[in-house]
Structure formats: C-alpha cells, structure tokens
Amino acid sequence: MGISNQRNNGLKQNWKCALICLGMAFATTQYGFDVSAIGTFQTMPGFLMTFGYEDPALKGGWGISTTDQQVIASFLNVGTIIGVLFITPFSRYFGRRHGIWMGTIIAFAGCATQIAANSVAGLCTGRALMGASNAFLITFSNAYIVECAPPQLRALCSAAFAITINIGTILGAVVDERTSQIMNRLSYQIPLACLFIFPTLLSIFVYFIPESPRWLVLHDRRKEAEKSLFTLRGNSLEPEFLQEELVEIIRGVEEEKSNASSLSIVDIFKGTNLRRTMLCVAVVLSRASSGVWVFLSYGTYFYQQAGVDDVFRIGIYSMTVQLVGVFVGLYCAYKIWDGRTMLLVGTGAAAVSMIGPALGATIAPNTPEAAKTFLAFNFFYVITYSGFAGSMTWPVSAEVVNSRLRVVTLSFATGVDYFFAWLTSFCSPYFINPTALGWGAKYCWIWAASNVVTFAFFWLFLPDMRGRSLEEIDELFEKKVTTRDFPTFECQSSSQAHDIALHKIEEAKAIIRHVEAGGK
C-alpha cells in the first residue's frame with residue numbers, strides 16, 4: 001500500500017505549488033544566459049580589443065590566445081567546484097531559500113567584477129564567482145522543488161530546469177547578436193549587465209514563497225512546516241490527507257535523525273546512503289558523459305565545415321528545436337514514462353547521435369558530407385537527449401537521496417560533474433584541433449562509448465521511483481529493495497502515516513465535542 005489515492009491529484013489541483021516550483025526553476029536561467037553569452041564573446045571585436053591582441057592577418061583583425069580561451073571557458077567550472085565546498089557547511093544552518101539568496105549575492109559580485117575587468121585575470125575572477133553562484137542556485141533550487149512538489153508532479157516540476165536553461169541560452173544569444181557589432185567594450189558589457197536581471201527577480205520571488213517543509217521539520221520547526229505545507233498544497237488536499245503528508249514527513253525525518261547524529265559529507269558514503277550517492281552522482285555525471293560539450297563547444301566549427309553561412313542563426317535554430325524537444329519530453333514524463341525510462345531513451349539516443357558523426361568522419365573525413373552528417377545528428381541529439389534524459393537528470397538526482405543529506409549529496413555530485421565538464425572542455429581541443437591529434441568528429445566515438453556505458457548502468461542499477469513519496473523512497477532504500485522490485489514493493493510508511501493522521505483528527509473531533517458539551 002502506497003500513498004493515499006486522494007494525494008495523487010493532478011496539475012490543475014496543484015497549480016499554486018506548480019507555479020512556485022516553476023518560479024524556483026528560473027534559478028538556472030542565469031546559467032543558460034551566461035554560458036550562451038560568454039561563448040560568443042570571443043568572436044566580438046569589442047571583447048577582443050580588451051582581452052585579445054591585434055593581428056591584421058586574422059578575420060576581423062583581432063584574436064585571442066588559446067590559453068586565454070581555455071582559462072576563460074574553464075573558470076566557470078572551477079568556480080562551481082569551489083562553491084560546492086561551501087554548500088555543506090552553509091546548509092547546516094541555513095535553509096533552501098537562504099541558499100538561493102546567497103547564490104544571488106555571489107552572482108551580483110560576479111557580474112560586477114566581469115563588467116569592470118580590464119584583464120583576463122579580472123575576468124576569470126568574475127567567471128569563478130559566477131560558477132560559485134551557479135553551485136548555490138542549482139543545488140538549493142533543485143532540492144527545494146523536489147522537497148515541495150507532490151510525488152506525481154515531482155518529475156514535471158523539477159524537469160522545468162531544462163526549459164529555463166534553454167530560455168536563458170536563447171536570450172543570451174539574442175542579446176549577443178544585438179550587441180556584437182558595437183566596436184567597444186559595451187559590446188560585451190551590455191550582455192553582462194543583463195545578467196543582473198535574473199538574480200534580482202529571483203531574490204524578490206524567493207521572499208514571497210515558504211521554506212521547504214522538510215527542511216523545517218529537519219530543524220524542529222514543525223509549526224512552520226505545517227504552515228508551509230498548507231501554503232504549498234492550498235486546497236488540493238482534504239485536511240486528513242494534508243495531515244497524512246505532514247505526519248509522513250515528520251516520521252521520515254525522525255527516522256533519518258535516529259540513523260545519524262551529524263551532517264557530514266562522510267555520511268553520504270555510509271550504509272545504504274552509498275548506493276544512493278552512487279546513483280545520484282551517476283545521474284548528474286551523465287550530463288557530462290553524454291558528450292554535450294562536443295556540440296556546445298565545437299558545434300560552430302562543424303557548422304562552418306558544413307558550409308553554413310550564418311552560424312549564429314543556425315545556433316538559434318538549434319536552441320529552439322531543443323526547447324521543443326524539452327516540451328515533448330515533459331509531456332512524456334507527466335503522462336507516459338517514468339524517469340528511468342526517460343533516461344534510458346535519452347541516453348540511447350545520445351549514443352546514436354554520437355555514432356552517426358563518428359561514422360561520417362571515419363568513412364569520409366574532412367568532407368562537406370561528414371560535416372552535414374554532424375549537423376543532422378546535432379539536431380537529433382538536442383531533441384532526444386535534451387528533451388528526455390537531460391531534463392530528467394534534475395528530478396531523479398534529487399529524489400534518489402534522503403532529505404537530511406540531499407543538499408550535501410547534490411553539491412558533491414555537482415562538483416564531480418563540473419570537474420569532468422572542465423576536464424572535457426580543457427582536453428577536447430587536443431583531440432579535435434588539426435595541429436594536435438586532429439580527430440575532428442571521430443572524437444564522437446569516445447562519447448558513443450560513454451553513452452553505452454551510462455545506458456548499461458541505468459538499466460542495471462537505476463530504479464523506477466515514479467509516484468513514490470520521498471519517504472517511501474527512503475523506506476525502499478533502507479530495506480535494500482532491488483532495482484527490479486521497486487515498482488511493486490508495498491511500502492508501509494504512507495499507510496502508517498495515514499492511520500496516525502486519522503487518529504489525530506479523531507482526537508481533535510473528540511476534544512471539540514467535549515468542549516461543546518460543556519466539559520461534561
């Protein structure tokens with residue numbers, strides 16, 4: 001027996017909570033805008049005049065050293081890794097909303113530093129601050145959404161990150177197009193100034209929403225937790241089922257506390273948490289192992305080989321197609337498939353997307369046909385991987401870990417992911433550049449293999465958690481239920497919570513009747 005059917009109501013009944021979660025998902029819009037905008041800066045004369053060197057032999061008359069390119073691109077990831085180190089001690093004392101506020105404060109500092117920078121060192125300092133900001137925003141917003149959304153809407157609400165990132169990338173590209181022809185520092189300072197918009201709006205929004213009820217219970221603030229849960233659920237639940245959910249949260253947190261007396265990163269590797277941490281890291285790391293950085297960082301190079309005249313415009317088309325794929329994926333996640341199936345479909349498609357360009361480059365290297373093959377599979381990739389697997393990494397990675405260690409585990413997984421993202425962006429030029437190994441699109445063979453390995457891992461070890469409350473997921477892992485038995489195992493936590501809630505309601509009714517009878 002699982003959670004009561006009355007708690008499995010839909011999007012219409014939970015519109016208020018869904019809007020709050022959607023607003024929180026906009027925490028990643030800044031990241032999408034930042035990556036998109038910065039990626040184009042290195043083609044802007046105004047940017048190159050400040051951070052590059054003059055060379056009449058180059059197109060546009062300005063260039064930038066390879067080392068500076070690598071440093072500027074990699075310091076965002078370095079900053080994220082550094083930010084992750086501060087999340088665990090911060091989360092001991094501050095809630096999810098405070099984590100978002102800290103991320104916005106760091107973002108303001110990062111934006112200002114980049115705008116004022118006159119050297120690569122100053123720019124990299126700003127990039128590192130933006131990376132640290134992303135670490136806070138990504139970790140705390142994902143934890144908040146998973147902890148607040150109803151079980152049946154958890155995947156849909158958390159997967160909204162994929163939409164907001166795409167919106168950010170499109171906005172960043174559009175702003176860059178409008179400013180790219182300005183022949184002074186304003187060409188890149190205007191897009192950087194636009195970055196102030198996202199943390200400003202987010203910090204205002206967070207002020208008006210309740211704290212995560214699970215975090216409040218974890219810190220013995222039960223009255224506030226009850227008020228928070230009531231605000232999130234609104235009129236979607238009858239009192240007895242609202243009480244059932246609250247009791248289930250309290251019992252789940254109490255059981256977690258009884259199993260550990262401290263909050264330490266070491267705890268994520270102890271007991272049943274080791275299995276949960278491995279799954280969380282694998283899901284988050286699947287973003288880097290999918291080969292997304294090949295298309296993000298080097299798609300322009302292959303577009304040029306394919307004879308695309310307007311590389312910028314084709315990039316906009318790719319982002320738009322990706323957004324369409326994300327909407328299709330969200331519909332499938334809500335109506336058709338569970339998160340595990342979505343990850344398998346997306347990862348399998350990513351493997352095919354890498355095999356196609358690799359075959360083209362192997363059979364007909366350095367030809368327009370091979371480049372066009374890369375272009376075609378790029379569009380296939382952004383529709384299938386981004387829409388299915390990419391969007392599902394957010395909810396699955398957060399729901400697979402328990403409430404007490406959620407932020408700690410997510411921050412650790414994010415750090416691992418960004419380390420490999422940095423490693424990929426740093427090493428890829430040596431594989432692709434004609435002056436080094438010169439593999440070109442044959443580099444995709446490596447990512448085809450990594451996607452096959454990821455697919456096999458998900459198939460063997462990732463369970464189906466669709467429709468389960470977070471406390472039921474805790475019970476499943478604590479009882480060491482096998483991957484294959486997850487969908488059919490009958491949990492007791494929700495049914496016990498329902499019985500306790502009914503008993504409390506009956507007690508309250510008895511007291512009221514006693515008072516109405518004059519205490520006789």
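**Entry 1: Lys480 and its loop**

I started at Lys480, which is exposed, with a relative accessible area of 64%. I kept in mind that this is a predicted model. Lys480 lies in the loop between H21 and H22. I looked up its backbone and found phi near 55°, a positive value in a residue other than glycine.

I stayed in this loop for Thr482, which sits between helix H21 (470–478) and helix H22 (493–516). Thr482 counts as partly exposed, because its relative accessibility is 44% and the partly exposed class lies between 20% and 50%. I then checked Thr482 against Pro463. They are 19 residues apart along the chain, and their C-alpha atoms are separated by 8.0 Å.

**Entry 2: another positive phi**

I turned to Asp220. Its phi is positive, about 60°, although Asp220 is not a glycine. I found Asp220 in the loop between helix H11 (213–218) and helix H12 (222–233). Is Asp220 buried or exposed? At 57% relative accessibility, it counts as exposed.

**Entry 3: the whole chain**

Next I stepped back. The chain has 22 helices and two strands. I noted that 57% of its 520 residues count as buried. The exposed area of the chain is about 21800 Å², and carbon and sulfur atoms supply 66% of it. I also looked at contacts between residues at least 6 apart in sequence. Of these, 80% join residues at least 24 apart.

**Entry 4: two helices, H18 and H6**

I picked H18, residues 368–399. With 32 residues at 1.5 Å each, H18 should span 46 Å. Its end C-alpha atoms are 45 Å apart, which agrees. Where is the kink in H18 centred? I found it at Ser386, with a bend of about 45°. I then checked the cover of H18: 24 of its 32 residues are buried, so the helix is largely enclosed by the rest of the structure.

I did the same for H6, residues 120–148. H6 has 29 residues and reaches 41 Å from first C-alpha to last, close to the expected 42 Å. H6 is mostly covered, with 26 of its 29 residues buried.

**Entry 5: Ser411 and Leu171**

I looked up two residues in other helices. Ser411 is in helix H19 (residues 406–432). Ser411 is buried, with a relative accessible area of 1%. Which residues does Ser411 touch, not counting those up to four places away in sequence? I listed Val84, Ile87, Thr88 and Thr139.

Leu171 lies in helix H8 (residues 160–179). Leu171 is partly exposed, at a relative accessible area of 38%. Leaving aside neighbours within four places in sequence, I found Leu171 in contact with Phe33 and Phe198. Leu171 and Phe33 are 138 residues apart in sequence, yet 6.2 Å apart in space, C-alpha to C-alpha.

**Entry 6: salt bridges**

I counted 13 salt bridges, taking a side-chain nitrogen of Lys or Arg within 4 Å of a carboxyl oxygen of Asp or Glu. I opened the one between Glu471 and Arg214, where the closest N and O atoms are 3.0 Å apart. Glu471 lies in helix H21 and Arg214 in helix H11, so the pair ties together parts that are 257 residues apart in sequence. Glu471 counts as buried at 5% relative accessibility. Arg214 is buried too, with a relative accessible area of 5%.

Then I checked Glu224 and Arg221, whose side chains meet in a salt bridge at 2.8 Å, N to O. Glu224 is partly exposed, with a relative accessible area of 41%. Arg221 is also partly exposed, at 33%.

My next pair was Glu254 and Arg222, with a salt bridge at 2.5 Å, N to O. Glu254 lies in helix H13 and Arg222 in helix H12, so this pair joins parts that are 32 residues apart in sequence. Glu254 counts as partly exposed at 39%, and Arg222 is partly exposed at 38%. I noted one network as well: salt bridges with shared partners join Arg96, Glu147 and Arg406.

**Entry 7: a nonpolar patch**

I finished on the surface. Which residues make the nonpolar patch of about 430 Å²? I wrote down Ile265, Val266, Phe269, Leu274 and Met278. I took Val266 from this patch and located it in the loop between helix H13 (239–259) and helix H14 (272–289). Val266 is partly exposed, with a relative accessible area of 46%.

Note on methods:
Residues numbered from 1 in each chain as written. Predicted model: local features only at pLDDT ≥ 70, side-chain atom pairs only at ≥ 80, totals over all residues. Heavy atoms only, no water. Helix = DSSP H or I, 4+ residues; strand = E, 2+ residues; numbered from the N terminus. Expected span 1.5 Å × (residues − 1). Bend = angle between axes of the 7 residues up to and from the residue. Buried < 20%, exposed > 50% of the residue type's maximum accessible area, 1.4 Å probe, protein only. Patch = residues over 30% accessible without salt bridge, like charges linked within 9 Å, V, L, I, M, F, W, Y side chains within 5 Å. Areas by Shrake-Rupley, 256 points an atom, 1.4 Å probe, with all protein chains shown as cover. Contact = heavy atoms within 4.5 Å.
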